[in-house]
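Colleague: I am new to reading models like this one. Please choose one part for a close look, and show me how the rest of the chain fits around it.

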Amino acid sequence: MNPQLSVMTQIRGGLFTRADARACGYPDPDIDSLLDTGGWRRIRPGTYAPHRTFAVVTDEMLYLRRIHRVLRYGDPGLTASHQSAAALHALPLWGLDLSEVHVTARDGPGGSRGEVHRNVRDPIGPGVQVWNGLRLVSPARAVAEVAALVPVTSETSSANSPLAPAVVLAEAALYAGLTTSTLLKRAVNQLVDGIEQAQRVVALAGAESASVAESRLRLILAEAGLPAPSASPPPLIEGELVSCSLWFPDERTVVEFEPRRPFWCEEFDDYLEEVAERVFGAPRRGEPADPEPVEHCWISWSDLDDAALVVDRVRTTFARASRRTGVRAFDPDRRRRKRPGTQPSRRRRESSYPADHDLPG
């Protein structure tokens, strides 16, 4: 089930209609095939449910249902925006304020009324789409609007970075292929307020993260000034597969973490094929017979709430790996200490002598 249909299933409490499936990209032959093979169950004519799927009521589900109710039965011409549009695009809502439905209108009163926050903008601006009868802004514009405001909840109060929810949202949109860095920058430049803050979020976001946990971890390490992890996977130690990890080859360190809240991506992931080639394929020319020692560092989901703890644990692992390998990273800013018993250079000795006119007599 693609994420758009998953959104409609949550809105309708675990069910969806044939019209919903068509609007989400499923042609009639595919719908009939899924019903015949048991992938979907027929609840009643024209209404279906995913097979063996339990409708767990979550805050995100309740939020989606409120968005649908406001857009369907609220004032005409309302457009879902900010985190409400991000929810309809099936983007993660971690750390975002779900107490209000955000809409944008061309006229009328602005501000919060009940559970709806009305943003007034005339003209409404570019990037408005219509999906399944619902008006919503594009993924790039939704990310830019959230980045400009960054509404946070108590879930991110100890995460040390108020930009973390917006960075997670931007990286999820990039990973899913819903937008690009160019489109994000363009959407930020079309904002009315908060452009500088949104530009910082876009600058911090990358397309490498595959989950909320990884996005938070990368942001913590980047803000602490630690080295950027390698784009290639870590080396295999005794045939073990380390799937959710960051590899720092210069520091000989693998940082493992819990893959909490993975991002959705439609493209097939061939990572397992690459790993199989490395494990069972012929050894590459020039590879050492014995792998160099590698240190491991484990970061849990709860650890990410304490950025100082994460940074200290990673730096400690870097130092431990340095002691094992004997390789130390060169710091050009480090002040050199004078060795005992050494004499200053000839140039320094000559410069320390007084000039002729300063000598007495």
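Modeller: Let's begin with Gly 13, which follows helix H1 and has a positive phi, near 75°. The model is predicted, so please read everything here as a description of that prediction. H1 itself covers residues 3-11, and Pro 3, Leu 5, Val 7, Met 8, Thr 9 and Ile 11 are buried in it.

Moving along the chain, we meet an open sheet of three strands, ordered E1-E3-E2 and paired antiparallel. Strands E1 (16-17) and E2 (40-44) are its edges, and each of them pairs on one side only. Two bridges link E1 with strand E3, residues 47-50, and Thr 17 has Thr 47 as its bridge partner in E3. Helix H3 (residues 28-36) packs on this sheet, where it touches E2 and E3, and its direction makes about 95° with that of E2. As a general reminder, strands of a sheet pair through backbone hydrogen bonds, and they can be parallel or antiparallel.

Now for the part I would like you to look at closely: strand E5. What is the surrounding of E5 like, enclosed or open? Five of the five residues of E5 (residues 101-105) are buried, so the strand is largely enclosed by the rest of the structure. To picture its two faces, remember that side chains in a regular strand alternate between the two faces of the sheet. On one side of E5 you find Val 101, Val 103 and Ala 105, on the other His 102 and Thr 104, and all of these are buried, which leaves both faces covered.

E5 also has strand partners. Strand E4 (residues 79-80) pairs with E5 in the antiparallel sense over two bridges, and there Thr 79 stands opposite Thr 104. Strand E7 (residues 116-120) pairs with E5 in the parallel sense over five bridges, with Val 116 in E7 as the bridge partner of Val 101.

Between helix H5 (82-88) and E5 there is a loop, and Leu 98 is found in it. Is Leu 98 buried or exposed? Its relative accessible area is 16%, and the cut-off for buried is under 20%, so Leu 98 counts as buried. Leaving aside neighbours within four places in sequence, Leu 98 is in contact with Asp 59, Tyr 63, Arg 66 and Leu 93. The C-alpha atom of Leu 98 is separated by 9.4 Å from that of Leu 62, with the two residues 36 apart along the chain.

Let's step back to the whole chain. It has 13 helices and twelve strands, and 40% of its 361 residues count as buried. Of the contacts between residues at least 6 apart in sequence, 62% join residues at least 24 apart.

One last stop is a cavity of about 40 Å³, the largest in the model. Arg 121, Pro 126, Arg 141, Glu 145, Ala 187, Gln 190 and Leu 191 line it; by class, that lining has three nonpolar, one polar and three charged residues.

Methods
Residues numbered from 1 in each chain as written. Predicted model: local features only at pLDDT ≥ 70, side-chain atom pairs only at ≥ 80, totals over all residues. Heavy atoms only, no water. Pairing = 2+ DSSP bridges. Helix = DSSP H or I, 4+ residues; strand = E, 2+ residues; numbered from the N terminus. Contact = heavy atoms within 4.5 Å. Axes fitted to C-alpha atoms, helices over the stretch in contact; angles between N-to-C directions. 1 Å grid on protein atoms, 1.4 Å probe; cavity = no way out; pocket = protein on both sides within 12 Å on 5 of 7 lines; lining within 4 Å. Points joined across faces, edges and corners; volume = space filled by probe spheres on them. Nonpolar A, V, L, I, M, F, W, Y, C, P; charged D, E, K, R; others polar. Buried < 20%, exposed > 50% of the residue type's maximum accessible area, 1.4 Å probe, protein only.
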